[in-house]
Amino acid sequence: MSFTIDLHAHSNISDGLLTPLELVAHAAEHQVNVLALTDHDDTSGLAIAAVEAQRLGLQLINGVEISVTWKKRTVHIVGLKIDPEYAPLKSGLAAIRAGRHLRAAGMAASLDKAGISGSLEGAYHYAQEGIISRTHFARFLVNSGVAKDNKAVFKNYLVKGKPGYFEHVWASLEDAVSWIVGSGGVAVIAHPGRYDLGRTNMLLLLEEFRALGGAAIEVVTGSHTVDQYAEFAKYAHQFDLKASLGSDYHGKGISFMEMGRLPGLPSNCVPVWHDWPEAAH
Ligand code: AMP
Ligand code: MN
Ligand code: MN
Ligand code: MN
C-alpha cells in the first residue's frame, strides 16, 4: 500500500474553507493515510475530525499551529501529538484567541482610515464561529472588490506599512514550545522558508528552539521551493532536528498546495514520525 502523510492542514475552525469533517474526507479522497489537523491557535476541531478519521480508516494526529512573536517577527510553531486538554496549552491558546479579537478591531480601524469600511463585520462573517484571522479580512477585501485576489491582498493590505496592518504581539517561543512539549507533543517550526530572517537570525532561531525542547522543522511544505527542501534538510541535520512534511492546505483557491501532492522528505532527513505507531506502515 502506498503511504501518504500530511502533518499540516487547516479547517474552518481557523482559516481553512472546509469543516474538520470535510477536511478529513478530502484527505482520504487524496489518499492521505496520516493527517494532522493543525488549526491556528485552536484545537476545537480535533474531536469531530477524529470521529470521521476513524470512520474512513485514516490516522488523525492531534495538532495545532501556534502564533508566536520572536524578535518582533511572527513565527508559527506546529504542535503534533498534543493533548488538547492540557491546561496550560488550553489557556495559552484561549489568550491568543482573545488577542485576535483586539487585533481584528485594530486592523479594521486601519482599513477604515484608508476609506475601506465594513471590514470588521465582513471578516467576522467569514470567520463565523472560528478564530478571526487575516485570511478572513482577505476574503472580505476580495469579495467586496477592493482587491483582485488573495495574493493582491497580502501584497497591498494587511502587511507592514499597508492599510489593515496592526502591530500585534503573539505568544513567546518559550511558552509555545513548553505548552506543546508539556502536553506530550512534538514542537515543529512551520514553513521556516517563509520567514524573512536572514541567515544569522535563522541560526539563532534554530538554536533557541532546540534549547527550549523543539524537536523538528518543516522541510517539505506547500510553500517551500525545491531548493528550500534541500536548504532546510541541511539545517535539520546541522541542528539535530527531525524533519516534517505538510501541505498547509487551507482549501481550494487559497492554498499553497493541494493535499497528497508533495514529494517525500530528502533521504538525509529523519522523519518526525519515524517512531510513531500511527505512521507505521
Ligand atoms: P494571521 O494569523 O491572522 O496573521 O493570518 C495568517 C494567515 O494568512 C496564514 O496562516 C495564511 O493562511 C494567510 N497568509 C499569510 N500570508 C499569505 C500570503 N502571502 N498569501 C496567502 N495567504 C497568506
Ligand atoms: Mn492560515
Ligand atoms: Mn503558518
Ligand atoms: Mn498553516
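Nine salt bridges are present in the structure, a salt bridge being a side-chain nitrogen of Lys or Arg within 4 Å of a carboxyl oxygen of Asp or Glu. The structure is a predicted model, in which local features need pLDDT of at least 70 and side-chain atom pairs count only at pLDDT 80 or more, while totals for chains, interfaces and linings use all residues. Residues are numbered from 1 along each chain as its sequence is written, chains are lettered from A and ligands numbered from 1 in the order in which they are written, and side-chain values use heavy atoms, with hydrogens and water left out.

Among these salt bridges, the one between Lys90 and Glu85 has an N to O distance of 2.9 Å. Lys90 is partly exposed at 44% relative accessibility, whereas Glu85 is exposed at 54%; here buried means under 20% relative accessible area, exposed over 50%, and partly exposed in between (1.4 Å probe, protein chains only). The side chains of Lys148 and Asp149 also form a salt bridge, at 3.9 Å from N to O, in which Lys148 is exposed with a relative accessibility of 69% and Asp149 is partly exposed with 30%. A further salt bridge joins Lys160 to Glu167 at 3.9 Å, N to O, and combines an exposed Lys160 (59%) with a partly exposed Glu167 (46%).

The metal sites were described through their donors, defined as N, O and S atoms within 2.8 Å of the metal (3.2 Å for Na, K and Ca); water is not among the atoms, so sites may look incomplete. The manganese ion (ligand 4) has as protein donors His8 (NE2), His10 (NE2), Glu65 (OE) and Asp248 (OD), at 2.1 to 2.2 Å, and the sequence spacing of these donor residues is H-x1-H-x54-E-x182-D. Distant parts of the chain are linked by the pair of His8, in the loop between strand 1 (5-6) and helix 1 (20-29), and Glu65, in strand 3 (residues 59-70), which are 57 residues apart; helices (H or I, at least four residues) and strands (E, at least two) are DSSP runs, numbered from the N terminus. His8 is buried at 0% relative accessibility, and Glu65 is likewise buried at 1%.

The manganese ion (ligand 3) is bound by Glu65 (OE), His76 (ND1) and His191 (NE2), again at 2.1 to 2.2 Å, with donor residues spaced E-x10-H-x114-H in sequence. Because Glu65 lies in strand 3 and His76 in strand 4 (residues 73-80), this pair ties together parts that are 11 residues apart in sequence. His76 is buried, with a relative accessible area of 14%.

For the manganese ion (ligand 2), the coordinating atoms come from Asp15 (OD), His40 (NE2) and His250 (NE2), at 2.1 to 2.2 Å, and the donor residues follow the spacing D-x24-H-x209-H. Asp15, in the loop between strand 1 and helix 1, and His40, in the loop between strand 2 (34-37) and helix 2 (46-56), link distant parts of the chain that are 25 residues apart; both Asp15 and His40 are buried. The manganese ion (ligand 2) is separated by 4.6 Å from the manganese ion (ligand 4) and by 5.5 Å from the manganese ion (ligand 3).

The largest nonpolar core comprises 69 residues, of which Leu7, Leu35, Ile66 and Val219 touch the most other members, and strand 3 gives the most to this core, with six residues. A nonpolar core is a set of buried Ala, Val, Leu, Ile, Met, Phe, Trp, Tyr and Cys residues joined through side-chain atoms within 4.5 Å. A second, separate core of 17 residues includes Ala104, Ala127, Phe137 and Phe140. Beyond its neighbours within four places in sequence, Leu35 makes contact (heavy atoms within 4.5 Å) with residues including Asp6, Leu23, Leu60 and Met259.

Val34, located in strand 2, is buried at 2% relative accessibility. With residues up to four places away in sequence not counted, Val34 touches Phe3, Ile5, Gln59 and Glu278, among others. Val34 and Ala279 are 245 residues apart in sequence, yet their C-alpha atoms are 6.6 Å apart in space.
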